[in-house]
Amino acid sequence: MMKILYFSAFMFAMIAQTNALDAQLDDYKTAKSDLVKRSARCSRGWTPLNGRCFRYIPRPMSWAKAERNCVSMRGNLASVHDIEEYHEIQRLIMTSSHEYKETWIGGTDAQEENLWFWSDGTSFHFTNWCSGEPNNIHGNQHCLCINHGYQKCWDDLQCSYPKPSVCARKGY
């Protein structure tokens with residue numbers, strides 16, 4: 001009788017342990033599936049980051065043409081909301097172009113001097129201006145360029161300069 005009791009307790013423990021492992025495996029599969037789904041939210045050629053999809057456009061264009069190009073792809077020139085996001089955008093540029101090219105993103109003060117906003121309508125709180133920038137030193141510098149100078153920071157430039165750009169759109 002004791003052997004049957006020990007055997008039953010042993011089998012119960014084995015079943016419980018197997019069920020616990022199955023539950024952990026299911027949790028792992030769900031987490032992995034969710035990760036794949038989050039990663040797959042961007043179509044080919046776009047890089048996922050913080051719920052948005054980013055794309056480096058190497059063809060130099062004016063700021064306005066770059067914005068229009070992004071809009072044609074259901075996005076806008078990229079807005080940047082923290083330093084980690086900025087570094088990821090820089091990494092995207094480096095990966096695509098093999099250098100930290102000066103690149104347009106979606107900041108502008110064309111409507112009113114020193115009142116900067118993002119073309120996608122999000123709040124303009126984070127900045128990474130180079131020392132003394134934005135300065136509008138040459139007049140008519142109303143568009144935001146990243147990777148400027150040795151510090152790879154932000155500069156306001158004339159919007160007509162042809163530069164590559166980074167587009168962003170919501171992930172789906």
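Is Cys159 buried or partly exposed? I shall return to that residue when I come to the disulfides. Please keep in mind throughout that the structure before you is a predicted model.

Let me begin with the overall architecture. The chain contains three helices and eight strands. Read from the N terminus, the order of elements is α-β-β-α-β-α-β-β-β-β-β. The chain has 172 residues, and 37% of them are buried. Its exposed surface comes to about 10,700 Å², with 57% of that area supplied by carbon and sulfur atoms. If we consider contacts between residues at least 6 apart in sequence, 67% of them join residues at least 24 apart.

I turn now to the interior. The largest nonpolar core has 20 residues, and the members that touch the most others are Ile105, Leu144, Trp154 and Val166. Four elements each contribute at least two residues to this core: strand S2 (52-61), helix H3 (83-97), strand S6 (141-148) and strand S8 (163-170). Helix H3 gives the largest share, namely four residues.

What does Ile105 contact, once its neighbours within four places in sequence are left aside? Its partners are Trp63, Leu77, Ala78, Val80, Trp118, Leu144, Ile146, Trp154 and Val166. There is also a second core, separate from the one just described, with 15 residues; among them are Cys53, Ala66, Leu77 and Cys143.

Two of those names bring us to the cysteines. The structure holds four disulfides, and I shall describe three of them.

The bond between Cys42 and Cys53 has a sulfur-to-sulfur distance of 2.0 Å. It is left-handed, with -90° about the S-S bond. Cys42 belongs to the loop between helix H1 (2-39) and strand S1 (47-49), while Cys53 belongs to strand S2, so this disulfide ties together parts that are eleven residues apart in sequence. Both ends are buried: Cys42 has a relative accessibility of 12%, and Cys53 has one of 0%.

The next disulfide joins Cys70 to Cys167, with the sulfur atoms 1.9 Å apart. Because the torsion about its S-S bond is about -80°, this disulfide is left-handed. It connects distant parts of the chain, since Cys70 sits in helix H2 (residues 63-72) and Cys167 in strand S8, 97 residues away. Cys70 is buried at 0% relative accessibility, and Cys167 is likewise buried at 0%.

The disulfide of Cys143 and Cys159 also places its sulfur atoms 1.9 Å apart. This link is right-handed, with 95° about the S-S bond. Cys143 is in strand S6 and Cys159 is in the loop between strand S7 (153-158) and S8, so the bond ties together parts that are 16 residues apart in sequence. Here we reach the opening question. Cys143 is buried at 1% relative accessibility. Cys159, by contrast, has a relative accessibility of 22% and therefore counts as partly exposed; the limit for a buried residue is under 20%.

Counting the bonded cysteines along the chain, the pattern of disulfides is 1-2, 3-8, 4-6, 5-7. Cys145 takes part in no disulfide, and the nearest cysteine sulfur, which belongs to Cys130, is 8.9 Å away. Cys145 is nevertheless buried, with a relative accessible area of 0%.

My last topic is the aromatic residues. A search of the whole structure finds eight aromatic pairs. One of them is formed by Phe126 and Trp154, an edge-to-face arrangement with 5.8 Å from centre to centre and 85° between the planes. Phe126 lies in the loop between strand S5 (117-118) and S6, and Trp154 lies in strand S7, so the pair ties together parts that are 28 residues apart in sequence. Both of these residues, Phe126 and Trp154, are buried. They also belong to one aromatic cluster, whose other members are Tyr86, Trp116, Trp118, Phe124 and Trp129. Trp154 thus appears in this cluster as well as among the residues that touch the most other members of the largest nonpolar core.

Finally, where does the charged end of Arg169 sit? It is placed over the ring of Trp46, 4.0 Å from the ring centre.

Conventions. Residues numbered from 1 in each chain as written. Predicted model: local features only at pLDDT ≥ 70, side-chain atom pairs only at ≥ 80, totals over all residues. Heavy atoms only, no water. Buried < 20%, exposed > 50% of the residue type's maximum accessible area, 1.4 Å probe, protein only. Contact = heavy atoms within 4.5 Å. Areas by Shrake-Rupley, 256 points an atom, 1.4 Å probe, with all protein chains shown as cover. Core = buried A, V, L, I, M, F, W, Y, C linked by side-chain atoms within 4.5 Å. Disulfide = S-S within 2.5 Å. Phe/Tyr/Trp six-rings, centres within 6.5 Å; stacked < 30°, edge-to-face > 60°. Lys NZ or Arg CZ within 6 Å of the ring centre and 35° of its normal.
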